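Let's take a walk through a protein together, starting with the whole chain and then stopping at a few chosen spots. Keep the picture in view as you read.

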Amino acid sequence: MSLRRSAAAGVGSLLLLLGAAAPSPAATDVPITWTVTAGPSTTDDGSSDTEDPSVVPVPPTARPGERARTAATHPLRTGDTVRLATGVYLKTFSEVDERGGYVGKLVAIDLGGSTKVRPDHAWSGQVATRATLDRLVGPNAVAAINGDFFDIDTTGAPRGFGISRSAGVLNGRESGWNYAVWMTRGGSVGLGQLDLQARLVEFPGLAVSAWNSGAVAADSVGVYSSAWGTSIDARPVTAGASDVRTVVVRDGRVVLNSSAPVRTVPRGGYVLVARGTAATQAAQMPYGTLVTPRVAVPGNVAFAVGASGPLVRDGQVANRSDTTLAPRTVVAYDHDTHRLLLFVVDGRSERSRGITHLEAAEIALWLGADEALNLDGGGSSTMLARVGGRMVTVNQPSDGSKRPVPNGIQVGYP
């Protein structure tokens, strides 16, 4: 939806600078104005710092069929705007109510403008290897947030999709965790469900349910490439199932086939983890059998990061399920203005109480989003921005330090 810059367009005040404490409940709201904080005349990308900062979303007067949001209905306060690159802005926001206050950080990317930055998948180079977000991003990134939920107690792998502009399809499931944010090679942004199409060319009757994923469905095969890591343990990815077969494929042919659960993944090769009836079929692959795994995701997707599900769908709240006050990470998109919105809200501290799913959805709507997805929150919630020539953590992770995560969304130059 289109946004209007006017005093009636929203509520809030310039009460927060980067890193400032939450405002007191007695603070007085004034109309939002948008300014770029004082600083160098050029940004880190070398462009002029005189660009109109109005690309940062401001609240709509009202959506069809609903009353305008006012200080009484959504008293969100905003701080000054910091420009990270052409069309990329960082902003602080907060709110105080009877439950306490919260503080969040927003990065808004104007993909419909002249910016040359694009979102991409951030990862360590191995799907099942976690690292702090600053170690996952590339040298040309100007901002980043943490990404998908992951198996924190077992494999460390993300639960859903991962697609990299340079490495292609990294990980995904046929079903069970298919929501993701993505961008096509043509520049279109999507927030919804993706379709994993994985197969074994020579064995069309064998169902492939997982590609470098921490969950292989019953009576199916999971395929693990060297992008997963150096080895795969079949026990956690099959929920401890006993009817499991592991098949090692090197140079396109089977070199090892047994029930041993732990296998080294050959460079350029694969390990098949077969479960249930699929294990029975896989046992019939003798040494030298030709096996060619293939994977695709329809839609010409260039990058994707998985999410647990929608918070906002078609401009309406889609999820109220989690009423816990917790740190949250959200990705959202405004179709009409072509703005990608990344925000985190801190929690579990006196400074910031955290938010519920409903509050996360309301913030996304307040920012003008038509769609929003819930990313991993809690101690994983982290946002980085390039300030003063280096990537810094601009929020306050609830663990007291950055948690190692398997992936994230980075915004940067190709």
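The paragraphs below go from the overall build to single residues, then to the cores and a pocket.

First, a word of care: what you see is a predicted model. The protein chain has four helices and 27 strands. Of its 414 residues, 58% are buried. Now think about which parts of the chain meet. If you take the contacts between residues at least 6 apart in sequence, 71% of them join residues at least 24 apart.

Let's zoom in on Gly354. You will find Gly354 in the loop between strand S23 (339-345) and helix H4 (357-366). Is Gly354 buried or exposed? Its relative accessible area is 0%, so Gly354 counts as buried. Gly354 also shows how sequence and space can tell separate stories: Gly354 and Tyr102 are 252 residues apart in sequence, yet their C-alpha atoms are 5.8 Å apart in space. Leaving aside residues up to four places away in sequence, Gly354 touches a set of residues including Tyr102, Leu325, Pro327, Asp346 and Glu359.

Next comes another loop residue, Thr292. Thr292 sits in the loop between helix H3 (277-282) and strand S18 (293-296). With a relative accessible area of 19%, Thr292 is buried because the cut-off for that word is under 20%. Which residues does Thr292 touch, not counting those up to four places away in sequence? They are Arg199, Leu200, Val201 and Glu202. With Glu202 there is a polar contact as well, side chain to side chain, at 2.7 Å.

Now for the cores. The largest nonpolar core has 32 residues, and the members that touch the most other members are Val107, Ile109, Val331, Leu342 and Ile409. Separate from that core is another one of 26 residues, among them Ala180, Leu200, Leu206 and Val254. Leu200 may ring a bell, since Leu200 is one of the residues touched by Thr292. Back in the largest core, Val331 has contacts that include Val181, Leu191, Leu342, Glu371 and Ile409, again not counting residues up to four places away in sequence.

Our last stop is a pocket. Rolling a probe the size of a water molecule over the atoms reveals where space is left empty. The second largest pocket holds about 170 Å³ of space. Its lining has 13 residues, with Asp120, Gln410, Gly412, Tyr413 and Pro414 nearest the centre. Strand S4 (118-123) and strand S27 (407-412) each give at least two residues to this lining. By kind, the lining residues are six nonpolar, four polar and three charged.

Definitions and conventions: Residues numbered from 1 in each chain as written. Predicted model: local features only at pLDDT ≥ 70, side-chain atom pairs only at ≥ 80, totals over all residues. Heavy atoms only, no water. Buried < 20%, exposed > 50% of the residue type's maximum accessible area, 1.4 Å probe, protein only. Polar contact = N/O pair within 3.5 Å; in protein donor to acceptor, adjacent residues only side chain to side chain. Contact = heavy atoms within 4.5 Å. Core = buried A, V, L, I, M, F, W, Y, C linked by side-chain atoms within 4.5 Å. 1 Å grid on protein atoms, 1.4 Å probe; cavity = no way out; pocket = protein on both sides within 12 Å on 5 of 7 lines; lining within 4 Å. Points joined across faces, edges and corners; volume = space filled by probe spheres on them. Nonpolar A, V, L, I, M, F, W, Y, C, P; charged D, E, K, R; others polar.
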